[in-house]
Amino acid sequence: MHPGDIPLHDFPYRHELDPPIMIKRLNPDEPWMKPAPDRHTFYALFWIIEGEGFHHIDYTGYAIRPQTLYLMRPGQSHFFEVDKRPQGISIFFLEEFLYLNKQFKPTELFYLIDRCPTLYLRPAQARALQQIIEQLLSEYENERFGYLDALQHLTQLLLIYVRRFYNQPNTDFIEPTATTYLSSQFQRLVDQHFLTTHHLRSYSDMLGVTPGYLSEQIKMTTGVPGSHVIRRRIIIEAKRLLAHSELTVSEICTHVGFKDSSYFARFFRRESGQSPLDFRRSYREKYRNILG
């Protein structure tokens, strides 16, 4: 099946004022739990407490067993082949959620997904993750005062723990094929250079491939062309500064590598559907009560 033929699901907001994160117990009726491939526009973590079968990610099957964490980035295809119904918790979030916290720095965690999307954790590791994930679920369900800050910090803590587990020799994981290695390297380079390098050709030169080949491979693994990945990263940084700083639009324009603030404003509107100042006003109004 061609990636373009696989259903692509947008982020499942509960209601209009939701932050871009969703945490819930696994439900076999959800479309991504069906035995047919689908894709999402968001990051996904599946924490398995018990169950049997296989979770197929980008056409590689990974055994479902207790104390397993699956990590997926946007655009990856997957489906569950279940022998015993899995129990656990799913965590979905958009990339911008990681940047709503002005203290958060980009993590390399999701570049490692291409190396290993499945972690089979040892008991001590599983207990540590289980505690954080249950706290996340409680904060998400109860929406108490300051819950958005709590969700941000707990999500960051969860990702830090998982990043550590990748480096621990007693963590079991299975190496997938190397077909997505180019995508991983490209996204790492974008995160390093997006403030100064906006053109796909520059990245293809760094990687020693043609722009057409690079874009085709990125689209196969993420569902979007390489140029979209670059633009998305620029927009996320611009949104973070608009939300959490008092920099002017002109100053933000310069920070993200644009020379003309009028062109930057048109670029931002085209990519986000709002002008920079409209985004700043609407964001601060939307999250005023929960951000404090």
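Buried means under 20% relative accessible area, exposed means over 50%, and partly exposed is anything in between, with a 1.4 Å probe and protein chains only. I will use those words throughout. This is a predicted model, in which local features need pLDDT of at least 70 and side-chain atom pairs count only at pLDDT 80 or more, while totals for chains, interfaces and linings use all residues. Residues are numbered from 1 along each chain as its sequence is written, and side-chain values use heavy atoms, with hydrogens and water left out.

Let me start with the whole chain. There are 11 helices and eight strands; these are DSSP runs, H or I of at least four residues for helices and E of at least two for strands, numbered from the N terminus. Of the 292 residues in the chain, 49% are buried. Contact means heavy atoms within 4.5 Å. Among contacts with a separation of 6 or more, 73% are between residues 24 or more positions apart.

Now helix H5, residues 200-207. Which of its residues are buried? They are Leu200, Tyr203 and Ser204. Looking down the axis of H5, the buried residues fall within an arc of 100°, so they line one face of the helix. That arc is taken from the directions from the helix axis to the C-beta atoms. Arg201 and Asp205, on the other side of H5, are exposed. After H5 comes Gly208, with a positive phi near 75°.

Leu200 also leads us to helix H6, residues 211-222, where Ser215 sits. Apart from neighbours within four places in sequence, Ser215 is in contact with Leu200, Pro225 and Gly226. Ser215 has a relative accessible area of 18%, so it is buried. Met220 is in H6 too, but Met220 is partly exposed at 47% relative accessibility. The C-alpha atoms of Met220 and Gly75 are 8.3 Å apart, although their positions lie 145 residues apart along the chain.

Next, the cores. A nonpolar core is a set of buried Ala, Val, Leu, Ile, Met, Phe, Trp, Tyr and Cys residues joined through side-chain atoms within 4.5 Å. The largest one has 48 residues, and Ile23, Ile91, Leu129 and Leu158 touch the most other members. Helix H3, residues 147-166, gives the largest share of this core, nine residues. Setting aside neighbours within four places in sequence, the contacts of Ile23 include Ile89, Ile91, Leu136 and Leu151. A second, separate core has 28 residues, among them Leu182, Phe186, Val256 and Phe267.

Phe267 brings us to a helix pair. The axes of H7, residues 226-244, and H9, residues 261-272, come within 11 Å and cross at roughly 105°. The axes are lines fitted to C-alpha atoms, for helices over the stretch in contact, and angles run from 0 to 180 degrees between N-to-C directions. H7 is therefore roughly perpendicular to H9, a label for angles of 65 to 115 degrees. On the H7 side the contact includes Ile234, Ile235 and Leu242, and on the H9 side it includes Phe264, Phe267 and Phe268.

Last, two residues with positive phi that are not glycines. Gln67 has a phi of about 65° and lies in the loop between strands S5 (60-64) and S6 (68-72). Glu143 has a phi of about 50° and lies in the loop between H2 (123-142) and H3. Gln67 is partly exposed at 27% relative accessibility, and Glu143 is partly exposed at 35%.

Conventions
Parallel < 35°, antiparallel > 145°, perpendicular 65-115°, else oblique.
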